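Notebook open, and a new chain to go through. I want to get the overall make-up down before I look at how the pieces pack.

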Amino acid sequence: MEKNQSDKQLNSITLLNQMASDAYYLFHFLAFFSYIPVRCSASHVLSPPFSSYLLHREIQAVIAFSLLTAIKMVRKETWEAFIADTLFFAKIFLFGIALVVDYHLALWYLLVFLVVYTLTQQPPYQGIGATLQLTPLQLEALLTDGNTSRFWLVEYRELSSSTCVQTSRVFPELSITYSNKNLSFGVVDLGLFPNTAEKFGISLGSSDKLPKYILFENGVEITRFPEMDFEAKTSTFPITKMCEVIDILAKEVEFGKNLGDDEETPLEMFDAL
């Protein structure tokens, strides 16, 4: 219990340090903080009725933003996704308040946010857990080597994709829980090795198609998740469903020697979900 609490505190400290040092978070903080001196300067030239009206709108924006943030906090699946959504809401409300003050100010913030979006990117989760960061040659060697794990679950991702960034902590944390002598976890960055995507039938035409998870048994692909039609069914990555899939697979691998021929295979379990 104490170890879990210390790990959570360490993760929080690491996240705060990253937010203070990374350009993505730093530029967002400076953009939001800049409203304070702008507001103080504008208060001297605004009429009392308009100042009262603006304050009323600011209070409404803060309350609405707080409610949305609380909802996202309860429903969050990863901290990266929560932070990305929170910053997105904050930009919308700041633009709206700036539009009330003056449309020139709103256009200025819009330009600032476009520049930040162009020049920076949200950093992914830095932990690797029990995963192996693999090149295509290393993956091929591991899959063909009969002395390695029976099952390999490989994540194919591209860190220029916002979805991959927001789900980047899920796979390492799952690997810590479920990695064993029969089930190993690997990661291949398609941003570094784009030619690998075609080999495994992964399209890089849309970042929404990543991350992709492929399960190998004795070097042979037996299934992948999400399925090919995932993009047409939903616009959000089903993290919870993926966790359920890996949990079932890990139990199958752990107790597989005791299963009879009539039991479901890992492939059937994947398809059932």
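My entries below go from the whole chain to the sheet, then the helices on it, then the cores.

**Entry 1, the whole chain.** I note up front that this is a predicted model. I went through the secondary structure and got 13 helices and five strands. How much of the chain is buried? Of its 273 residues, 37% count as buried. I also looked up the accessible surface, which is about 16000 Å²; carbon and sulfur atoms own 61% of that. For contacts with a separation of 6 or more, I find that 69% link residues 24 or more positions apart.

**Entry 2, the sheet.** Next I traced the strands. In what order do the five strands sit? I read β1-β3-β2-β4-β5, in an open sheet with mixed pairing. The edges are β1 (131–134) and β5 (220–225), each of which pairs on one side only. I checked the twist too: neighbouring strands are turned by 25 degrees against each other on average, ignoring direction.

I then zoomed in on one pair. β2 and β4 run antiparallel, and I get six bridges joining them. Which residue in β4 is the bridge partner of Trp152? I found Phe216 there.

**Entry 3, helices on the sheet.** Which strands does α7 touch? I list β1, β2, β3 (183–189) and β4 as its contacts, so to speak its footing on the sheet. The direction of α7 makes about 125 degrees with that of β1. I also have helix α9, residues 170–178, packing on the sheet and touching β1, β2, β3 and β4. Against β3, I get about 160 degrees for the direction of α9.

**Entry 4, the cores.** On to the nonpolar side chains. Which members of the largest nonpolar core touch the most other members? Out of 15 residues, I pick out Leu139, Tyr156, Ile202 and Phe216. Two or more residues each come from α7 (136–144), β2 (151–157) and β4 (212–217). I see β2 giving the largest share, three residues. Phe216 thus turns up twice in my notes, as a core member and as the bridge partner of Trp152.

I followed Ile202 a bit further. Leaving out residues up to four places away in sequence, I find Ile202 touching Tyr156, Leu190, Ala197, Leu210, Lys212, Ile214 and Arg224. Apart from this core I logged another one, of 14 residues, including Leu46, Leu94, Val101 and Phe113.

Methods:
Residues are numbered from 1 along each chain as its sequence is written. This is a predicted model: local features need pLDDT of at least 70, side-chain atom pairs count only at pLDDT 80 or more; totals for chains, interfaces and linings use all residues. Side-chain values use heavy atoms; hydrogens and water are left out. A nonpolar core is a set of buried Ala, Val, Leu, Ile, Met, Phe, Trp, Tyr and Cys residues joined through side-chain atoms within 4.5 Å. Buried means under 20% relative accessible area, exposed over 50%, partly exposed in between (1.4 Å probe, protein chains only). Helices (H or I, at least four residues) and strands (E, at least two) are DSSP runs, numbered from the N terminus. Contact means heavy atoms within 4.5 Å. Accessible areas come from the Shrake-Rupley method with a 1.4 Å probe; for residues, only the protein chains shown count as cover. Two strands pair if DSSP finds at least two bridges between them. Axes are lines fitted to C-alpha atoms, for helices over the stretch in contact, and angles run from 0 to 180 degrees between N-to-C directions.
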